[in-house]
Number of protein chains: 2
Amino acid sequence: MTDLSRFAINQITTKNWSLRQAVDGYARQGVGGIAVWMNYLDDAGVKRGARMIRDAGLFVPSLCTSAWTNLADPTQFQASLDENRRRIDAAAEIGAGCLVVVPGGLAAGERDLVAARLRVREGLEALLPHALGAGVKLGLEPLHPMYAGDRSCLNSFAQCLALCDDLGMGTGIVADVYHCWWDPEFAAGLKQAGPRRILTFHLCDWLVPTRDVYQDRGMVGDGVIDFAFYRALLDEIAYDGPFEIELFSRLDWWERDGDETVRIAVERCGPLVAQRSA
Amino acid sequence: MTDLSRFAINQITTKNWSLRQAVDGYARQGVGGIAVWMNYLDDAGVKRGARMIRDAGLFVPSLCTSAWTNLADPTQFQASLDENRRRIDAAAEIGAGCLVVVPGGLAAGERDLVAARLRVREGLEALLPHALGAGVKLGLEPLHPMYAGDRSCLNSFAQCLALCDDLGMGTGIVADVYHCWWDPEFAAGLKQAGPRRILTFHLCDWLVPTRDVYQDRGMVGDGVIDFAFYRALLDEIAYDGPFEIELFSRLDWWERDGDETVRIAVERCGPLVAQRSA
């Protein structure tokens, strides 16, 4: 039997399922954990959702995502920090290891990426005391460069790792092979980060061709990413954290029945996520 | 009157025009140069095309592109080198400063990006003597990371600059702000490269949203890129080479009349490309 104790499904993968359905659907097929999205958790109610997950015995690698802080207006910026403090508390409530930071790209009408990145840094600095108090890490996720304009101005592993270095305790990296596989410095970056700063490792394949910039990500094995290479590298640096599959797939997987998606995710990821004997 | 002496249009921008039409259409509106694509040049005949361009008084910053060398089969790999030698000769014939290197991503069925990149390097090493003999530089173009799977495994400025360092004389960088604008290290890379290693500078805007991974690139001014910032930076490092607009735009500009595209390209780029008084 496949060991799925380190394996979680990120619930956006089964987009049409509520938190209740996802918790039941993942547990039913032996998946160890669930990465939770804030909107589904709000739908369920944070305390009720937390109980649901605990009762099912699932671990929670992460809560997705931070509210965007790419806001040039100071009042809106402060409001987004308050919303993020609420999300940090929600992450603590469900036992999530981290809140995944996806801060937005440029503000509306903005062309200054340097300014946007400085604002993101300011936001993280402002949130850090609250995160430390709650025992929830801020998980910086390098997003693919094709999202720099509209989704996140954190776009390379090296950039995020340097930011973690500066911010120190209470931060770490959410590494997603879909976003970073192209990066000639990705493997070196993982080694440099080391096992403690990699908070969770996302699995998702790059399809050729990619038909949609945002929502055509591939099931593990359907694209061109060498997952075995990354698993070996993670073992080499003694990473013992979670593996999470996360699919944005308007054109394929979101159209399917959740049970089928989970079944195939387990089939494909099983060999990649098992605990190795030391 | 706008100074367009350093300004070229890359002829893929007017995709429906033949070389003859592009040469006439660009010259008619005072554009200084034309970046040529091999397929149009072959259609015209290399010698005839060269004469056409010379007679119109246009400069040629580059010939696009190298034949793909991402071929795992040794016979096909050698054949691609021969084709590339032919293209180097064609570049020399039309007075192009460089042959733009777009070597392909992964080979069919391949998942090993490191191997693909090594093969590209081998190919460049094999071509370098011929390029040096012909007086044509191999212009390494960092392509956006979203093309790593299928179009080019050269995906960051730093990666290409390191390759130029290794290969030495006869190589340089084709810098395209569309491909690199997201890169936190792009500005530093341009400074490090210096004016002599930047062979030509491509202008093209990043649209939000981007509706197509390959062919939805924006007219200068329609997207989120801060072109004035890059022009100032290039002046600061004393770059005095060409500026080239290059649009892949199935959804917009390729549908328009070439004269209109050229007119608007001149309007938008004019202020960005003029020679500054020293």
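The points below concern the barrel of chain B, one of its helices, and the contact between chains A and B, all in a predicted model.

1. The overall arrangement of chain B is best taken first. Eight strands close into a barrel, following the order β1-β2-β3-β4-β5-β6-β7-β8 of chain B, and the pairing is parallel.

2. Strand β1(B), which comprises residues 7-10, is covered on both faces. Phe7(B) and Ile9(B) are buried on one side of the strand, while Ala8(B) and Asn10(B) are buried on the other. This division can be read against the general rule that in a regular strand the side chains alternate between the two faces of the sheet.

3. The closure of the barrel can be followed at β1(B), which runs parallel to strand β8 of chain B (residues 243-245) and is joined to β8(B) by three bridges. Within that pairing, Ile9(B) stands opposite Ile245(B). Strand β1(B) also pairs in the parallel sense with strand β2 of chain B (residues 33-37), again over three bridges, and here Ile9(B) stands opposite Ile34(B). The chain passes from β1(B) to β2(B) by way of helix α1(B), residues 19-28, and the resulting β-α-β crossover is right-handed.

4. From β2(B) the parallel pairing continues to strand β3 of chain B, residues 63-64, over two bridges. In this pairing, Val36(B) has Leu63(B) of β3(B) as its bridge partner.

5. Helix α6(B), residues 157-167, deserves separate attention for the distribution of its side chains. Phe157(B), Cys160(B), Leu161(B), Leu163(B) and Cys164(B) are buried in this helix. Viewed down the axis of α6(B), the buried residues fall within an arc of 160°, and they therefore line one face of the helix. On the other side of α6(B), by contrast, Ala162(B), Asp165(B) and Asp166(B) are exposed.

6. Which elements of chain B do the buried residues of α6(B) pack against? They pack against the helices α5 (113-134), α7 (177-180) and α8 (186-197), and against the strands β5 (137-140) and β6 (171-176), of chain B. A backbone detail may be checked where the helix is left behind, since α6(B) is followed by Gly168(B), whose phi is positive, near 75°.

7. Between the two chains, 22 residues of chain A are in contact with 22 residues of chain B. On the side of chain A that touches chain B, the residues divide into twelve nonpolar, six polar and four charged. A reader comparing this contact with others may recall that the size of an interface is often given as the accessible area lost when the parts come together.

Technical notes:
Residues are numbered from 1 along each chain as its sequence is written. Chains are lettered from A and ligands numbered from 1 in the order in which they are written. This is a predicted model: local features need pLDDT of at least 70, side-chain atom pairs count only at pLDDT 80 or more; totals for chains, interfaces and linings use all residues. A residue is buried if 20 or more other C-beta atoms lie within 10 Å of its own, exposed if 12 or fewer, and partly exposed in between; C-beta atoms are placed from the backbone. Helices (H or I, at least four residues) and strands (E, at least two) are DSSP runs, numbered from the N terminus. Two strands pair if DSSP finds at least two bridges between them. A crossover is right-handed if, with the strands pointing away from the viewer, the path from the first strand over the helix to the second runs clockwise. Two residues are in contact if their C-beta atoms, placed from the backbone, lie within 7 Å. Ala, Val, Leu, Ile, Met, Phe, Trp, Tyr, Cys and Pro count as nonpolar, Asp, Glu, Lys and Arg as charged, and the others, Gly among them, as polar. The arc is that of the directions from the helix axis to the C-beta atoms.
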